[in-house]
Amino acid sequence: MTQPIAILGMGQLGWMLSRAGERIGASVQLLDPDAPEQPGPNTLISVESEHWPDNPGTRQLRAHPGWQNPNALDILPNRIQQKTVLDELQLPTAPWCRPKDDDQAKDLHQTLGPDFLLKRARGGYDGRGQLRVKESEATALPNWKTEAIAESAIGFDTEVSLVGARGRDGRCVFYPLTENYHRQGVLTVSLSQPTRFSALQRTAETMLTKLMDHLDYVGLMAMECFLVGDKLLINEIAPRVHNSGHWTQEGATICQFELHLRALLGWPMPQPETRGTTAMVNLLGMEHQREWLAVTGARLYWYNKAHRPGRKMGHINLQHPEPQRIADWLRELPLPADYDESRAWALERLSFEG
Ligand code: AMP
């Protein structure tokens, strides 16, 4: 009998994991993080997010024999611990330090330069729990500075991410590096272009393999990086399926959700093959629009969540062997004006390719 999988979390990532599971015959149950049901002893427990509420139910899950990846999930959700382990492994990140009680902005500018970010050690993501501190603005540091890291602002050329999975036998497979555009710290568009970053692929894979090996990790992990010249600096590691891997639903023979389940179950994990170029557009803070479906290539994933400004409500994948076709669809896609920059960013890259 197939070993059941329980996923802590009932958001879109859990939903897409369970959809992928249904298709390949894996049994996936979603657990409500606020009051999780305790799964049977034979169940493998994974998470849709590394941030979950601390309550008796989640503590009990952490102690369950099927709880997967205790090392990664104890260390990585805390930015201080994440940065420390990356330093120990000599994996390059943005320069950082831990602010001390009596540190003023000027003290940190001395170490980190004229522009740095304070990032809360726990709970902050998608640009939340972050403060940008510029020397020219004489910012007073908030009192949460001692529960944060301070990190130099990087003048990157672009942002890329590597998504890959490690199996129970330690073998890893990866998707090609994805290029990502963020608006105010939140991903708006991802592009997977087959050869754009092939010169960096091996280096990126070696970096993520080193970390996954060290943590004895099983399943899918994402490594977000700044690209500066030809150097990759790790921004953040996510021990889970990742927004910048959503394009794999249309752009690869095995999508990231399926790959995560295969890894957990010890099922075959051949190297996924990609289908040329794919674009993914995040639908942030929008109401459902049936006009998206008038674009023939638009593959819509709608999460059916209550509407909130800025919230991830769904995404659209655009995949075609001809990049120009993707560019045409992207032009046609009805999106609000605050997507103009993200769209122009993607169109420029697609036209370069075509
Ligand atoms: P994070 O929540 O840390 O993943 O950050 C979200 C986004 O904010 C990143 O993808 C970048 O666009 C931007 N960002 C975060 N850290 C830095 C940094 N040290 N330098 C420049 N931009 C950053």
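In helix α4, which spans residues 79-88, the buried residues are R79, I80, Q82, K83, V85 and L86. The structure is a predicted model. R79 also faces the ligand, with a polar side-chain atom 3.4 Å from one of the ligand's oxygen atoms. The ligand lies between domain 2 (95-152) and domain 3 (158-353), because both give residues to the shell around it.

**Helix α4 and its ends**

- At the start of α4, N78 places a side-chain oxygen within 2.8 Å of the backbone nitrogen of I80.
- After α4 comes Q90, which has a positive phi near 55°.

**Domains**

- The domain assignment divides the chain into domain 1 (5-68), domain 2 (95-152) and domain 3 (158-353).
- The centres of domain 2 and domain 3, taken over C-alpha atoms, are 29 Å apart.

**The ligand and its shell**

- The shell around the ligand holds 18 residues, of which K119, E151, I154, E159 and E236 are the closest.
- By character, the residues of this shell comprise six nonpolar, six polar and six charged.
- The side chain of E159 has an N or O atom 2.5 Å from an oxygen atom of the ligand.
- For E236, the corresponding separation between a side-chain N or O atom and an oxygen atom of the ligand is 2.6 Å.
- The ligand taken alone exposes 470 Å², and the protein buries 93% of that area.
- Two or more residues of the shell come from each of the elements β5 (115-120), β7 (148-152) and β13 (231-238).

**K119 beside the ligand**

- K119, one of the closest residues to the ligand, is located in strand β5.
- The relative accessible area of K119 is 4%, so this residue counts as buried.
- The side chains of K119 and E151 are joined by a polar contact of 3.0 Å.
- Beyond four places in sequence, K119 touches R79, G129, Q130, W144, A148, I149, E151 and N235.
- Among these contacts of K119 is R79, a buried residue of helix α4.

**Strand β16: G314 and L318**

- Strand β16 covers residues 312-320 and includes L318; G314 is also placed in β16.
- G314 is buried, with a relative accessible area of 0%.
- The C-alpha atoms of G314 and L300 are 7.4 Å apart, although 14 residues separate the two along the chain.
- Setting aside residues up to four places away in sequence, G314 touches V281, N282, L283, Y301, W302 and Y303.
- L318 has a relative accessibility of 0% and therefore counts as buried.
- L318 and W329 are 11 residues apart in sequence, with a C-alpha to C-alpha distance of 7.5 Å.
- W329 is also one of the contacts of L318, together with T277, T278, A279, G297, A298, I326 and L330, when neighbours within four places in sequence are left aside.

**H64 in a loop**

- H64 belongs to the loop that runs between α2 (56-62) and α3 (70-75).
- With a relative accessible area of 11%, H64 is buried.
- A polar atom of the H64 side chain lies 2.8 Å from the backbone nitrogen of G66.
- Outside the span of four places in sequence, H64 touches P39, G40, P41, T43 and I45.

**Positive phi in loops**

- Q184 is not a glycine, yet its phi is positive, at about 45°.
- The position of Q184 is in the loop between β10 (178-183) and β11 (186-192).
- Q184 is exposed, with a relative accessible area of 76%.
- D216, likewise a residue other than glycine, has a positive phi near 50°.
- The loop that holds D216 connects α6 (198-215) and β12 (219-228).

Definitions and conventions:
Residues are numbered from 1 along each chain as its sequence is written. This is a predicted model: local features need pLDDT of at least 70, side-chain atom pairs count only at pLDDT 80 or more; totals for chains, interfaces and linings use all residues. Side-chain values use heavy atoms; hydrogens and water are left out. A residue is near a molecule or strand if one of its heavy atoms lies within 4 Å of it. A polar contact is a pair of N or O atoms within 3.5 Å; within protein, one must be able to donate a hydrogen and the other to accept it, and residues adjacent in sequence count only if both atoms are side-chain atoms. Accessible areas come from the Shrake-Rupley method with a 1.4 Å probe; for residues, only the protein chains shown count as cover. Helices (H or I, at least four residues) and strands (E, at least two) are DSSP runs, numbered from the N terminus. Ala, Val, Leu, Ile, Met, Phe, Trp, Tyr, Cys and Pro count as nonpolar, Asp, Glu, Lys and Arg as charged, and the others, Gly among them, as polar. Domain bounds come from an automatic or database domain assignment. Buried means under 20% relative accessible area, exposed over 50%, partly exposed in between (1.4 Å probe, protein chains only). Contact means heavy atoms within 4.5 Å.
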